[in-house]
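Reader: I'd like a close look at a single part of this model. Pick one strand and take me through its partners, its turns and its burial. Keep it brisk.

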Amino acid sequence: MTAAQSSPSSSRSAREYGSTLPPVGFVQFCERVPENCKPETAHRRFAMTDEKWLTVRIVNSFVNGAITPVDDETLYGKAEYWTLPTDAGDCEDIMLLKKKLLVAEGVAAEALRITVVLDENGGGHAVLTLITSDGDYILDNRRNDIRLWSNTGYTFLKRQADHNSQKWVSLRPAADSSPSGQSGTGSN
């Protein structure tokens, strides 16, 4: 078990280990749709009220039910293409839609971080991290329940930096030479 994939009794917040490259799909998405990639520069954790948690759960479940998981190759004929979906999309697309809807519902954009992980089978996957004063919680298109990051069974690779959402940080120690997921996620 790596430092980024810890037991439930470990840290409630994922540790950042230093700068890394963003996924190529993120860079291309931001070039095409810059209004969805405005930099947030806050470095704080957000207190969640019962009302905000309800909003997060509703949006997570709604998007999971409304968007059919389909890979980019099938939809766009490309291995990696991030976009806001209307009825079908892969994990990155679904995560982008959740972020957009949550911000529209009043959840602070600074509390939402795009995150790249390896799933239980070692496949690339993207999730949305909700950074709260109680810990880092994961919104995932594969499940409706929202889990603490360390209770997902995933290996965390990288995410948008807490101090600047345009920058990316590694969630793995530099000595860890496992796959980095630099090019994208490659899975739903």
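**Strand β5 and its neighbours**

Author: Strand β5 pairs with strand β6, residues 135-140, in the antiparallel sense, and five bridges link the two. Keep in mind that this is a predicted model. One contact to find is L128, whose bridge partner in β6 is L139. The connection from β5 to β6 is a hairpin, with two residues joining the strands.

Now turn to strand β4. It covers residues 112-118 and also pairs with β5 in the antiparallel sense, here over seven bridges. Look for L112: it stands opposite L130 of β5. β4 and β5 form a hairpin too, with five residues between them. In that turn, G122 has a positive phi of about 85°.

Next, burial. β5 runs over residues 124-132, and nine of its nine residues are buried. In a regular strand, side chains alternate between the two faces of the sheet. Check each face of β5, then. On one side sit G124, A126, L128, L130 and T132, all buried. On the other are H125, V127, T129 and I131, and these are buried as well. Both faces of β5 are therefore covered.

For a site outside these hairpins, try H163. It is placed in the loop between β8 (155-160) and β9 (168-170). Its relative accessible area is 45%. Buried needs under 20% and exposed needs over 50%, so H163 counts as partly exposed. E110 is 53 residues from H163 along the chain, and their C-alpha atoms are separated by 9.0 Å.

How values were computed:
Residues numbered from 1 in each chain as written. Predicted model: local features only at pLDDT ≥ 70, side-chain atom pairs only at ≥ 80, totals over all residues. Heavy atoms only, no water. Helix = DSSP H or I, 4+ residues; strand = E, 2+ residues; numbered from the N terminus. Buried < 20%, exposed > 50% of the residue type's maximum accessible area, 1.4 Å probe, protein only. Pairing = 2+ DSSP bridges.
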